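Please look through the model below with some patience, and keep the sequence at hand while reading. The paragraphs that follow lead from open spaces to a metal site, and from there to charged pairs and unusual backbone angles.

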Amino acid sequence: MKKLLIFSSMLLTCVYGMGQTQQAAKPATRKFPELEKMTPGMTEIWEPEVKIIQPGVTNSDAPSDAIILFNGSDINKEWIGMDGKTSIWTIKDGALISTKGSGYIKSKRIFSDFQLHIEWKTPSEVSGTSQGRGNSGVFLQELYEVQVLDSYDNRTYRNGQAGAMYKQYSPLVNTCRKPGEWQTYDIIYTAPTFGNDSLCYKTPPRVTVIQNGVLVQNNVSLRGPTQYIGIPEYTIKKHGPLSILLQDHGNPVAYRNIWIREL
Ligand code: MG
């Protein structure tokens, strides 16, 4: 009988001990208020209040926090030639016009992440074909070209037409207006980040482009700087904030109403 009691006691200790071990192994769980006890206010964020800015009268007009890069008159206030000298692009009827042989122009300011609005017009008098018709371009951070081209009834390679991230992404659709009509680009740009190795991105540059109110580039990740010949990855170099460039490709493309918001 005594032996039976000792055995029973050992068995109980063993079972109880196992239970304790299992409880100790249980992972810690986070405690949330029971749903029925939550109120709407618990998930409302009030402070700080969202910054108030004044929108433009139309969606093409600059909002109150935008930097005006060109408003129809003084080009030299915000732009300069690539050689550091005064730009020789011309101004006519409130538009900035690429002048053949004058070279690219660059913004005096430099930018990282931004929202850019820019309006452009290819010549109404059609001349040339493919890449030779109404060619210009908007270079983001000096390196990444959003193609400007007369792509109305003008076939060219699809990743080089208007709205393309040149030779990297074709536009989702061709939404070009006729030559001689004003068109809009609204561009949202996220600058790349770099690790210690400057030969590759930690996070690539990303671009969204809306042309004439239509999405043509949907947050695409770029492979590297725009290349006419060659592979973009091979030309990656670490960089910080840089300018906006407008391309002189030998065609008299006009620009107006250029504004930018830093993000
Ligand atoms: Mg171009």
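Strand 6 (114-121) and strand 9 (183-190) each contribute at least two residues to the lining of the second largest pocket, where strands (E, at least two residues) and helices (H or I, at least four) are DSSP runs numbered from the N terminus. This is a predicted model, in which local features need pLDDT of at least 70 and side-chain atom pairs count only at pLDDT 80 or more, while totals for chains, interfaces and linings use all residues. Residues are numbered from 1 along each chain as its sequence is written, and side-chain values use heavy atoms, with hydrogens and water left out.

The second largest pocket holds about 220 Å³ of space and is lined by 13 residues, with Asn-59, Ser-60, Gln-115, Asp-186 and Trp-259 nearest its centre. A pocket here is an open set of points on a 1 Å grid over the protein atoms alone, with protein on both sides within 12 Å along at least five of seven lines, whereas a cavity is a set where a 1.4 Å probe fits but cannot get out; lining residues have an atom within 4 Å of a point. Grid points are joined across faces, edges and corners, and the volume is the space filled by probe spheres set on them. The lining of this second largest pocket divides into four nonpolar, seven polar and two charged residues, given that Ala, Val, Leu, Ile, Met, Phe, Trp, Tyr, Cys and Pro count as nonpolar, Asp, Glu, Lys and Arg as charged, and the others, Gly among them, as polar.

The largest pocket encloses about 260 Å³, and its lining is made up of six nonpolar, two polar and three charged residues. Among the residues that line it are Lys-92, Asp-93, Lys-121, Trp-182 and Pro-252. Asp-93 deserves a second look: it sits in the loop between strand 3 (90-92) and strand 4 (95-97), and its phi is positive, about 50 degrees, although it is not a glycine. With 75% relative accessibility, Asp-93 counts as exposed, since buried means under 20% relative accessible area, exposed over 50%, and partly exposed in between (1.4 Å probe, protein chains only).

Which residues coordinate the magnesium ion? The donors are Asn-135 (OD1), Ser-136 (O), Glu-145 (OE), Gln-147 (OE1) and Gln-247 (OE1), at 2.2 to 2.4 Å. Donors are N, O and S atoms within 2.8 Å of the metal (3.2 Å for Na, K and Ca), and as water is not among the atoms, sites may look incomplete. Along the sequence the donor residues follow the spacing N-S-x8-E-x1-Q-x99-Q. Asn-135 is buried at a relative accessible area of 1%, and Ser-136 is likewise buried, at 0%.

One of these donors, Gln-147, leads to Gln-161, which touches Gln-147, Leu-149, Ser-151, Thr-156, Pro-171 and Asn-174 when residues up to four places away in sequence are not counted; a contact means heavy atoms within 4.5 Å. Gln-161 is found in the loop between strand 8 (144-148) and strand 9, and counts as buried because its relative accessibility is 14%. Asp-153 lies in the loop between strand 8 and strand 9 too, but at 71% relative accessibility Asp-153 counts as exposed, and its phi is near 55 degrees, a positive value in a residue other than glycine.

Side chains of opposite charge can pair when their charged atoms come close. A search of the whole structure finds five salt bridges, each a side-chain nitrogen of Lys or Arg within 4 Å of a carboxyl oxygen of Asp or Glu. In one of them, Arg-109 pairs with Glu-78, their closest N and O atoms being 2.9 Å apart. Arg-109 belongs to the loop between strand 5 (105-107) and strand 6, and Glu-78 to the loop between strand 1 and strand 2 (79-81), so this pair ties together parts that are 31 residues apart in sequence. Arg-109 is partly exposed at 36%, while Glu-78 is buried at 5%.

Lastly, the peptide bond from Glu-47 to Pro-48 is cis, with omega near -5 degrees, and Pro-48 is found in the loop between helix 1 (2-25) and strand 1 (67-70).
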